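User: Before I rely on the labels attached to this model, I would like to see the reasoning behind some of them. Could you take me through it?

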Amino acid sequence: MADQNETSETAASSPAEPPVQVRVVSQFIKDVSFENPSVERMLKGPAEEPQLKLEVNVNARHMEGSLFESVIDFHANATSKDGVIYALECTYGGVFEIRKMPKDAVEPFLLVNCPALLFPFLRRLAADITREGGFPPLLLDPIDFGQLYMKRKQEEQAGATPNGKTN
């Protein structure tokens with residue numbers, strides 16, 4: 001019994017790591033574009049089921065001090081056999097203040113956790129813009145940013161040669 005109490009007292013008296021502090025400073029539309037090149041086709045009524053191509057990229061950068069920017073680059077292109085139905089491009093970002101985080105944890109945090117916080121706002125924006133453009137709202141499925149990050153890391157490792165150069 002004495003050993004258990006001694007262990008508890010030792011753990012309580014040793015200084016704990018300072019807690020990580022993260023704060024969303026701001027979030028914003030960095031760039032947005034919606035093109036509806038075929039208004040005439042819309043007037044003719046519903047056409048065939050469109051082919052939808054989605055592309056999502058995440059980037060981050062250190063700004064100054066403890067401020068970092070995380071950005072989701074989103075592209076949606078709806079096409080049919082007659083051509084482009086609509087094209088939506090949106091860059092949605094956020095500025096995050098990060099303190100007391102281990103350096104090796106900052107990159108994954110900026111490329112996984114921060115986009116996960118921003119995505120619901122980008123999702124709503126995409127739905128609103130396509131609806132206001134005269135189409136059914138584009139309802140995006142959730143995105144696994146952790147999987148995207150792992151894929152990016154695997155591609156970086158596969159592209160590196162033994163001497164550290166990329167192909």
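Analyst: This is a predicted model, and a good place to begin is helix α4, residues 145-159, whose 15 residues should span 21 Å at 1.5 Å a residue; the end C-alpha atoms are 21 Å apart, which agrees with that expectation.

User: Which residues of α4 are called buried, and what makes them so?

Analyst: Phe145, Tyr149 and Gly159 are the buried residues of α4, and the term applies because each has a relative accessible area under 20%.

User: How do you know on which side of α4 they lie?

Analyst: Around the axis they cover an arc of only 95°, and therefore they sit on the same side of α4. The face turned away from that buried side carries Gln147, Gln154, Gln157 and Ala158, which are exposed, a word kept for relative accessible areas over 50%.

User: What covers the buried residues of α4?

Analyst: The cover includes the strands β2 (51-64) and β3 (67-80), together with helix α3 (103-132); an element counts here through contact, meaning heavy atoms within 4.5 Å.

User: What makes the approach of Asp144 to Gly146 a polar contact?

Analyst: At the start of α4, a side-chain oxygen of Asp144 comes to within 3.1 Å of the backbone nitrogen of Gly146, and because the cut-off for such an N or O pair is 3.5 Å, the pair qualifies.

User: How many helices and strands does the chain have, and in what order do they run?

Analyst: The chain has four helices and four strands, arranged from the N terminus as α-β-α-β-β-β-α-α.

Technical notes: Residues numbered from 1 in each chain as written. Predicted model: local features only at pLDDT ≥ 70, side-chain atom pairs only at ≥ 80, totals over all residues. Heavy atoms only, no water. Helix = DSSP H or I, 4+ residues; strand = E, 2+ residues; numbered from the N terminus. Expected span 1.5 Å × (residues − 1). Buried < 20%, exposed > 50% of the residue type's maximum accessible area, 1.4 Å probe, protein only. Arc of directions from axis to C-beta. Polar contact = N/O pair within 3.5 Å; in protein donor to acceptor, adjacent residues only side chain to side chain.
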